[in-house]
Amino acid sequence: PDFEGPALPLAGRHVLITAGPTHEPIDPVRYIANRSSGKQGFAIAAAAARAGARVTLVAGPVHLPTPQGVERVDVQTAREMMAAVEAALPADAAIMVAAVADWRTADAAGQKLKKDGSGQPAPLPLVENPDILATLGRHAKRPALLIGFAAETENVADHARAKLAKKGADWIVANDVSGPPGSSVMGGERNSIHIVTVDGIESWDDLPKDVVATRLIEKVAHALSFRPD
Ligand code: CTP
Ligand code: CA
């Protein structure tokens, strides 16, 4: 066991985690989504539970078992994820690992869209989804420690620093997902990350996702230990 002893480091704390993609329906058989297996977020939820936290895991559509000791809320869309996150507040720490679809269709069709024979696809108007992390960043019940994730394909540290400010987060955990789909981080078992805070940047290279999760939760427990309940 990685966390043991009489005083588990997150005993008495509530940790709120989002994981997986969201699915934004186009019609009853099609959707818009990001590529995300949910593995890293589920591993973080498992590690937080092992550290003694009460854990709420708001999960998009993924095929993963619920980690032991974790309360799971399943959602499909970004708007459902937003509502489930707000319903779970207050939390001591929130870790937003989900790959939320930035856009949804302006109007999901009630029936399957059909080709009309013209060879031209019908237009698909999109509207922006709520930003869950940024909403928490300015929320009356903002968690004491607010952590975002960012998948980037270039200028990883610069983009992460910009997101820290834009979202009102305390840390951004950035991972480099450059490379062809399926080649690297996404869906795989390992991850390389950079933790960007106002104080600087800390990099962890090529670790199994469960090791990233355990170390991140140790860092969360350490940060929360300076804050009263
Ligand atoms: N996020 C969120 N709600 C959204 C979009 C993103 O909560 N609608 C969260 C993600 O869970 C992640 C962080 O914001 O923790 C960064 O996501 P990312 O997609 O990198 O940020 P965006 O602001 O959407 O920027 P980009 O244009 O690069 O996609
Ligand atoms: Ca995005």
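Which residue takes a positive phi just after α1? In this predicted model, that residue is G52, with a phi of about 100°.

The helix that comes before G52 is a good place to start looking around. Helix α1 covers residues 39-50, and its length works out nicely: 12 residues at 1.5 Å a residue should span 16 Å, and the end C-alpha atoms are indeed 16 Å apart, so the two values agree. It's also a mostly covered helix, with 12 of its 12 residues buried. That goes for K39 and R50 as well as for residues such as F42, I44 and A48.

What do these buried residues pack against? The partners are five strands, β1 (14-19), β4 (54-59), β5 (70-74), β6 (93-96) and β11 (190-197), along with helix α5 (209-224). I44 gives a closer look: setting aside neighbours within four places in sequence, I44 is in contact with I17, I95, V97, A213, L216 and I217.

I44 turns up again in the largest nonpolar core, which has 60 residues. V15, I17, I44, A45, A48 and I147 have the most contacts inside that core. Its largest share, eight residues, comes from α1.

Then there's the ligand. Ligand 1 is surrounded by 15 residues, with M96, V100, I132, L133 and G148 the closest. Both α3 (132-137) and β9 (145-152) supply at least two residues of this shell, and β9 gives the largest share, four residues. Sorted by class, the shell around ligand 1 holds nine nonpolar, three polar and three charged residues.

How values were computed:
Residues are numbered from 1 along each chain as its sequence is written. Chains are lettered from A and ligands numbered from 1 in the order in which they are written. This is a predicted model: local features need pLDDT of at least 70, side-chain atom pairs count only at pLDDT 80 or more; totals for chains, interfaces and linings use all residues. A residue is near a molecule or strand if its C-beta atom, placed from the backbone, lies within 6 Å of it. Ala, Val, Leu, Ile, Met, Phe, Trp, Tyr, Cys and Pro count as nonpolar, Asp, Glu, Lys and Arg as charged, and the others, Gly among them, as polar. The expected span of a helix is 1.5 Å times one less than its number of residues. A residue is buried if 20 or more other C-beta atoms lie within 10 Å of its own, exposed if 12 or fewer, and partly exposed in between; C-beta atoms are placed from the backbone. Two residues are in contact if their C-beta atoms, placed from the backbone, lie within 7 Å. A nonpolar core is a set of buried Ala, Val, Leu, Ile, Met, Phe, Trp, Tyr and Cys residues joined through C-beta atoms within 7 Å.
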